[in-house]
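Please walk through the structure shown below with attention to how its parts pack against one another. The text moves from contacts and cores to an aromatic cluster, and ends with the cysteines.

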Amino acid sequence: MKDDDRDPNGSLIWMEGLRRILHGPLVNPDRVVFVTESRSSQPLRHWFHTHDQWELLCPLNRPLRYEIAGEPPASLDADEMLILAPGCVHMASARLPQAADLCAVNVRLAGDDKGLSSLYVGSLEHVVSSALSREEAEELTNLVDEAPHRLLQRAALAMTQGAWNRERAVGLLRVVIAGYAQVIAGRARPEGMPAERRAMDALAYLQARYYDRELDVAEVARAVGVSSSHLTTLFRDAIGDSVHQALIKIRLRRAIALLQTTDYTIKEIAVLTGWSSPFHLSATVQRHYGSAPSALRHSART
């Protein structure tokens with residue numbers, strides 16, 4: 001693809017990316033890798049993280065390296081698909097050695113009331129995200145006749161249990177992805193998006209990159225194509241919080257979920273959810289919930 005076919009961030013032109021989704025490997029992958037769980041890796045390194053969303057990753061032009069906690073790094077060839085179940089601990093792919101011109105498609109499908117669904121097409125470093133509004137999520141559900149994350153969950157669990165053959169599971173994936181692309185295909189390119197759309201995409205970016213301890217307003221603003229000052233204003237108007245407040249809420253939500261459902265230490269949870277230190281995490285939990293993390297964990301289990 002020529003240089004003039006790319007936007008200033010180096011990502012594929014949005015509509016061209018959607019055409020590749022509808023007619024390319026993400027709808028008909030050569031191989032699908034399902035990862036339903038991960039084992040604790042000691043120690044968990046910076047950039048390991050989890051999501052409360054189903055995540056699909058498909059390289060379009062070069063092999064992509066990925067790493068699941070407790071496993072050695074592995075490689076995903078172009079036209080293959082990686083599917084990560086919610087809670088699976090993995091390394092940020094952009095932090096592994098990758099080809100400089102690697103282009104990938106990433107889809108995150110939110111579960112019940114757990115953040116936004118989002119999609120991006122482009123490099124791992126320069127992400128142009130498109131988040132689904134509540135209305136669009138309902139439209140997608142109507143298109144595929146079931147909540148997409150539940151459809152994906154059925155396909156993944158059935159695949160791991162040997163209940164279905166590969167073709168049937170991949171067929172369900174095609175329904176999800178093609179439906180997703182159909183919902184957003186009619187949108188304007190990111191440069192023409194209204195303020196509320198940019199704010200939603202900024203929130204989706206926070207949900208996708210919350211584990212980065214160095215994430216700041218400037219990076220989010222670059223990702224959605226506005227200045228930092230403009231993002232600060234439009235984000236508060238549309239979301240009701242500052243960018244920093246929204247990021248703290250996302251990190252807290254993930255930290256509390258891990259605290260209540262896993263045996264990770266406070267130090268490990270701080271690494272997984274982007275806090276500068278376990279002390280910062282503990283102090284923030286105490287301030288917001290009036291209890292220490294250990295007390296919240298004990299309460300959830302009793």
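Two residues are in contact, or touch, when heavy atoms of theirs lie within 4.5 Å. The model is a predicted one. With that cut-off, Leu231 touches Ala202, Val217, Val220, Ala221, Val224, Val226 and Val243, leaving aside residues up to four places away in sequence.

Leu231 also has a place in a wider set of residues. The largest nonpolar core has 46 residues, and Leu206, Leu231 and Phe235 are the ones that touch the most other members. At least two residues of this core come from each of α5, α6, α7 (228–239), α8 (243–261), α9 (266–272) and α10 (278–289). Which helix gives the most to this core? That helix is α8, with 10 residues. A second core, separate from this one, has 24 residues, and Phe34, Val107, Val176 and Tyr180 are among them.

For the protein as a whole, there are 11 helices and 10 strands. Buried residues account for 52% of its 302 residues. Among contacts with a separation of 6 or more, 69% are between residues 24 or more positions apart.

Helix α6 can be taken by itself. Its buried residues include Glu219, Val220, Ala221, Ala223 and Val224. Among the elements that cover the buried residues of α6 are α5 and α7. After α6 comes Gly225, which has a positive phi, near 80°.

Further along the chain, helix α10 contains Gln286. Is Gln286 buried or partly exposed? Its relative accessibility is 38%, so Gln286 counts as partly exposed, given that buried means under 20% and exposed over 50%. Gln286 touches Ser291 and Ala292, again not counting residues up to four places away in sequence. Between Gln286 and Leu296 there are 9.7 Å in space, C-alpha to C-alpha, and the two are 10 residues apart in sequence.

The aromatic residues come next. The structure holds two aromatic pairs. One of them joins Trp47 and Tyr211 edge-to-face, with 6.2 Å centre to centre and 80° between the planes. Why does this pair tie together parts that are 164 residues apart in sequence? Trp47 lies in the loop between β1 (31–35) and β2 (48–49), while Tyr211 lies in the loop between α5 (195–209) and α6 (217–224), so the pair links those two parts of the chain. Trp47 is buried, at a relative accessible area of 13%. Tyr211 is buried as well, at 5% relative accessibility.

The other pair is made by Tyr210 and Tyr211, which are edge-to-face, 5.8 Å centre to centre and with 80° between the planes. Tyr210 and Tyr211 are both buried. Trp47, Tyr210 and Tyr211 thus belong to one aromatic cluster. A charge is also placed at this cluster: the charged end of Arg95 sits over the ring of Trp47, 3.9 Å from the ring centre.

Strand β2 leads on from the loop that holds Trp47, and His49 is found in β2. His49 counts as buried because its relative accessibility is 2%, against a limit of 20%. What does the side chain of His49 meet through its polar atoms? One of these atoms lies 3.2 Å from the backbone oxygen of Trp47. The side chain of His49 also makes a polar contact with that of His51, at 3.2 Å. Beyond four places away in sequence, His49 touches Cys88, Val89, His90, Met91, Ala92, Tyr210, Tyr211 and Leu272. Two members of the aromatic cluster, Tyr210 and Tyr211, are thus among the residues that His49 touches.

The cysteines remain. A disulfide is a covalent bond between the sulfur atoms of two cysteines. How many disulfides does the structure hold? The number is zero. For Cys58, which is in no disulfide, the nearest cysteine sulfur is that of Cys103, 9.8 Å away. Since a disulfide needs two cysteine sulfur atoms within 2.5 Å, a distance of 9.8 Å does not qualify. Cys58 is buried, with a relative accessible area of 0%. Cys103 is likewise in no disulfide, and the sulfur of Cys58 is the nearest cysteine sulfur to it. Cys103 is buried too, with a relative accessible area of 5%.

How values were computed
Residues are numbered from 1 along each chain as its sequence is written. This is a predicted model: local features need pLDDT of at least 70, side-chain atom pairs count only at pLDDT 80 or more; totals for chains, interfaces and linings use all residues. Side-chain values use heavy atoms; hydrogens and water are left out. Rings of Phe, Tyr and Trp (its six-membered ring) pair if their centres lie within 6.5 Å; planes under 30 degrees apart count as stacked, over 60 as edge-to-face and the rest as tilted. Helices (H or I, at least four residues) and strands (E, at least two) are DSSP runs, numbered from the N terminus. Buried means under 20% relative accessible area, exposed over 50%, partly exposed in between (1.4 Å probe, protein chains only). A charge sits over a ring if NZ of Lys or CZ of Arg is within 6 Å of the ring centre and within 35 degrees of the ring normal. A nonpolar core is a set of buried Ala, Val, Leu, Ile, Met, Phe, Trp, Tyr and Cys residues joined through side-chain atoms within 4.5 Å. A polar contact is a pair of N or O atoms within 3.5 Å; within protein, one must be able to donate a hydrogen and the other to accept it, and residues adjacent in sequence count only if both atoms are side-chain atoms.
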